[in-house]
Amino acid sequence: MRKFLLMIAVGLMTAINTQAQKIEVVDDDGYGIPLVSVQTEDGVLIGTTDLNGVLADVKGAAKVAVSHVAYKPKLVTVGSLQNGRIVLESVDFGLDEVVVKPKPYLFVEYYYRAFSYIDDSLRVYTAGIIPVAHEIQNNYKGKIRNVWSHGGAANKALIWNTQDLVIMAQKGVKQSASPVENAARNGQKFKNYYKVNIEPEGENKWLLKNPEGVVGHIVHDDGHSLTTIDGSKMQIYANKVNGEKKMAKTREEKNYTYQYTEIYKLDEEGKVQHDGFVMAVDHWEYDTKKGKKITILYLYATNKAYWDEEEFKARSKELNKGRSGDMSLNELAEYERAHNIPALSLEQQKAIQTLTKQTGVKKQ
């Protein structure tokens with residue numbers, strides 16, 4: 001599990017440089033960590049590492065803060081790095097095994113965080129709990145019952161609002177019931193529409209490739225499956241070969257990029273099942289008239305069980321007790337600690353506090 005959490009990094013950071021200086025963010029086994037957030041020491045977004053854990057230029061920043069949902073945040077002096085390499089230490093995160101019972105619902109309690117930037121400026125931050133009952137007889141489709149969040153919706157001038165990000169979180173919950181690895185291996189859409197095939201890369205490692213090259217990878221280790229996909233490369237190629245030229249042109253003109261990572265537990269046969277979801281990260285970027293829009297969504301499973309409807313309703317009622325709808329930042333932090341969710345970096349916390357002042361949200 002530790003290696004997986006080290007391999008799925010989500011990044012956010014920024015700086016100013018006269019000469020390009022590359023950094024490479026890796027785990028303690030030397031694997032590159034994709035989607036690692038890189039920021040200046042005062043919380044300005046520099047960029048995000050690619051599928052190999054590389055950020056081509058830190059734009060002159062003397063110090064950078066690197067962060068990821070599955071790793072301990074780190075502030076480093078760029079000039080002191082050997083070959084630009086930064087090693088992150090993983091955070092131990094996991095769930096107890098789900099005891100399968102003959103009950104109609106797979107209950108999963110999710111926690112999400114979402115950040116939205118325009119260029120290097122944080123515009124919205126939201127986080128909350130989504131209790132879901134996936135109906136086993138209905139392909140595990142999630143039913144969203146309650147959402148609590150804290151973000152920047154108070155300022156209507158913001159480009160993104162909290163509701164947009166909550167909707168993304170809800171979609172992420174539904175998608176988490178359908179493992180991407182299974183779709184990549186067995187789904188006809190991956191083969192016929194996306195033209196993606198799987199090739200062995202080594203022991204318990206596979207590459208996802210379309211005719212233009214590598215679009216992702218799958219790794220099995222420590223009882224977990226990690227799937228990382230460069231969705232924009234896969235989607236734009238599919239648009240072109242399937243006659244969707246307008247969509248391909250729009251995505252290219254907007255410099256659209258989308259990357260996705262998910263972690264599932266493997267069962268005793270080494271396969272990915274619906275109830276094994278652990279965490280996922282989505283990262284979108286594209287150009288708008290107001291600047292480059294960057295959205296990052298983290299999704300964690302914090303509790304799982306097979307329940308009937310009454311048990312699910314009781315848990316939903318318990319979560320809602322004492323709250324009018326919004327959770328304070330302190331309540332969110334308390335929930336994170338209770339469920340061993342990696343803490344936000346100090347730079348991200350400062351950026352969020354600055355955001356609440358800008359949007360008029362009462363400081364908590």
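This passage describes a sheet, a helix that lies across part of it, and a further helix with two contrasting sides in a predicted model.

Strands of a sheet pair through backbone hydrogen bonds, and the pairing is either parallel or antiparallel. Here, 9 strands form an open sheet with antiparallel pairing. Their order is β9-β8-β16-β15-β14-β13-β12-β11-β10. The edge strands are β9 (121–135) and β10 (197–202). Each of these pairs on one side only. On average, neighbouring strands of the sheet are turned by 15 degrees against each other, direction ignored.

One pairing can be followed in detail. Strand β11 covers residues 205–210, and strand β12 covers residues 213–221. The two pair in the antiparallel sense over 6 bridges. Lys209 stands opposite Val214 in β12.

Helix α5 (residues 231–241) lies across four strands of this region: β11, β12, β13 (224–230) and β14 (257–266). The helix runs at about 50 degrees to β13.

Helix α8 spans residues 329–338. Its buried residues are Leu329, Leu332, Tyr335 and Glu336. These residues cover an arc of only 125 degrees around the axis, so they sit on the same side of α8. The other side of α8 carries exposed residues: Asn330, Glu334, Arg337 and Ala338. Buried here means under 20% relative accessible area, and exposed means over 50%. Just after α8 comes Asn340, which takes a positive phi of about 55 degrees.

Definitions and conventions:
Residues numbered from 1 in each chain as written. Predicted model: local features only at pLDDT ≥ 70, side-chain atom pairs only at ≥ 80, totals over all residues. Heavy atoms only, no water. Buried < 20%, exposed > 50% of the residue type's maximum accessible area, 1.4 Å probe, protein only. Arc of directions from axis to C-beta. Pairing = 2+ DSSP bridges. Axes fitted to C-alpha atoms, helices over the stretch in contact; angles between N-to-C directions. Contact = heavy atoms within 4.5 Å.
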